[in-house]
Amino acid sequence: MRKGNFIFNVFRNSFDSHTGRILLTKPGYEHTVTHVHDIPDECTIIEFTGAFYHELYSRYKGDQFLSNEDIHSLQINTTPETEYLHHLLLSHIFFQQTDRLQIDLLILEIVEQTLDFLSYTEQNPLSDRFKRNHLTTVEQAKQYMMTNFSEDISLMDIASNCFVSTFHFSRIFKTFVGVSPHAFLLSVRLKNAEIMLKASSRPVTEIAFVSGFNSLAHFSATFNERFGYSPVKYREKFQ
């Protein structure tokens, strides 16, 4: 889900879909969409061929969602990393960067992250009033952070961009996303650094600053805490 809010109805289930949600639907089931309010809805739809679906089933056949025929659709929460991968995918498409291999790799990583974190309990059910009042704020905040993560962003910068008071912004954001704005921004920065370490030969110091870290020591310590390797060791292991 990119923007807006709609109810996705399939079989006997209805899913409240908005930013921070991913819908998974098995092939062969009809669905309807009910619009919640007048805010335009935007979503990215990725459809798989039958052959690719069978590959997924073979790899994740022990998973309850794929193996249980009574579960037709599922909705899970995104992570900051998945949202950033989605942002990169949309950027490639929007700017007509036709590197099909890179686009395919982004899609595959989105799929793998989604299926690796399947959850059967939807978290943070939100009232219609809360969504109506604050959905656009959270969408704008996430887009601002994913676009400007290389800069020294303050809480006031994000709140001002969303036209909301700094006092209320953190609470609104965490209610929707499940993590604080700082945690979301940090995850985006680390994901960008991880991608660059894997895909480029740029110096680690340059990657640190391009990814929004203000010192190499801070970047190295934070990266090691998240991935279990220093940036240099991670590059040696995965490049």
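This report walks through a sheet, a helix and some empty spaces in one structure. Keep in mind as you read that the model is predicted.

Let's start with the sheet. Three strands form an open sheet in the order 2-1-4, and their pairing is antiparallel. Strand 2 (13-18) and strand 4 (31-35) are the edge strands; each has a single partner strand, so one side of each is left without a neighbour in the sheet. If you look at how the strands lie against each other, neighbours in this sheet are turned by 25° on average, direction ignored.

Strand 1 (residues 5-10) is joined to strand 2 by six bridges, and to strand 4 by five bridges. Strand 1 is also mostly covered, with five of its six residues buried. A good residue to click on here is Phe6: Ser17 stands opposite Phe6 in strand 2, while in strand 4 the bridge partner of Phe6 is His35. The facing pairs I can point you to are these:

| Residue in strand 1 | Residue opposite | Strand of the residue opposite |
|---|---|---|
| Phe6 | Ser17 | strand 2 |
| Asn9 | Ser14 | strand 2 |
| Phe6 | His35 | strand 4 |

Strand 1 and strand 2 make a hairpin with two residues between the strands, and in that hairpin Phe11 takes a positive phi near 55°.

Now for helix 4. How far apart are the end C-alpha atoms of helix 4? The helix runs over residues 100-116, and at 1.5 Å a residue its 17 residues should span 24 Å; the end C-alpha atoms are 24 Å apart, so the two values agree. The buried residues of helix 4 are Ile103, Leu106, Ile110, Val111, Gln113, Thr114 and Leu115. For a bit of background, an α-helix has 3.6 residues a turn, so residues three or four places apart point the same way. The cover over the buried residues of helix 4 comes from several places, including strand 3 (21-25), helix 1 (50-59), strand 5 (73-77), helix 3 (80-94) and helix 8 (181-199).

Leu115 also has a partner worth looking up. Phe65 and Leu115 are 50 residues apart in sequence, and their C-alpha atoms are 9.5 Å apart in space. Phe65 sits in helix 2 (residues 64-67). Is Phe65 buried or exposed? Its relative accessibility is 3%, so Phe65 counts as buried.

Helix 4 turns up again at a pocket. The second largest pocket has a volume of about 640 Å³. It is lined by 21 residues, and the closest to its centre are Gln102, Leu106, Glu109, Ile195 and Ala199. Helix 3, helix 4 and helix 8 are the elements that give two or more residues to this lining. Which of them gives the most? That would be helix 4, with seven residues. Leu106 therefore shows up on two lists: it is among the buried residues of helix 4, and it is one of the residues closest to the centre of the second largest pocket.Last come the closed spaces. The structure holds two cavities of 30 Å³ or more, and the largest cavity has about 60 Å³ of space. Its lining is made up of Thr19, Gly20, Arg21, Asn77, Thr78, Thr79, Pro80, Glu83, Val138, Lys142, Phe176 and Val177. Helix 3, helix 5 (128-148) and helix 7 (166-177) each supply at least two residues of that lining.

Definitions and conventions. Residues are numbered from 1 along each chain as its sequence is written. This is a predicted model: local features need pLDDT of at least 70, side-chain atom pairs count only at pLDDT 80 or more; totals for chains, interfaces and linings use all residues. Side-chain values use heavy atoms; hydrogens and water are left out. Helices (H or I, at least four residues) and strands (E, at least two) are DSSP runs, numbered from the N terminus. The expected span of a helix is 1.5 Å times one less than its number of residues. Buried means under 20% relative accessible area, exposed over 50%, partly exposed in between (1.4 Å probe, protein chains only). Contact means heavy atoms within 4.5 Å. Two strands pair if DSSP finds at least two bridges between them. Axes are lines fitted to C-alpha atoms, for helices over the stretch in contact, and angles run from 0 to 180 degrees between N-to-C directions. On a 1 Å grid over the protein atoms alone, a cavity is a set of points where a 1.4 Å probe fits but cannot get out, and a pocket is an open set with protein on both sides within 12 Å along at least five of seven lines; lining residues have an atom within 4 Å of a point. Grid points are joined across faces, edges and corners, and a volume is the space filled by probe spheres set on the points.
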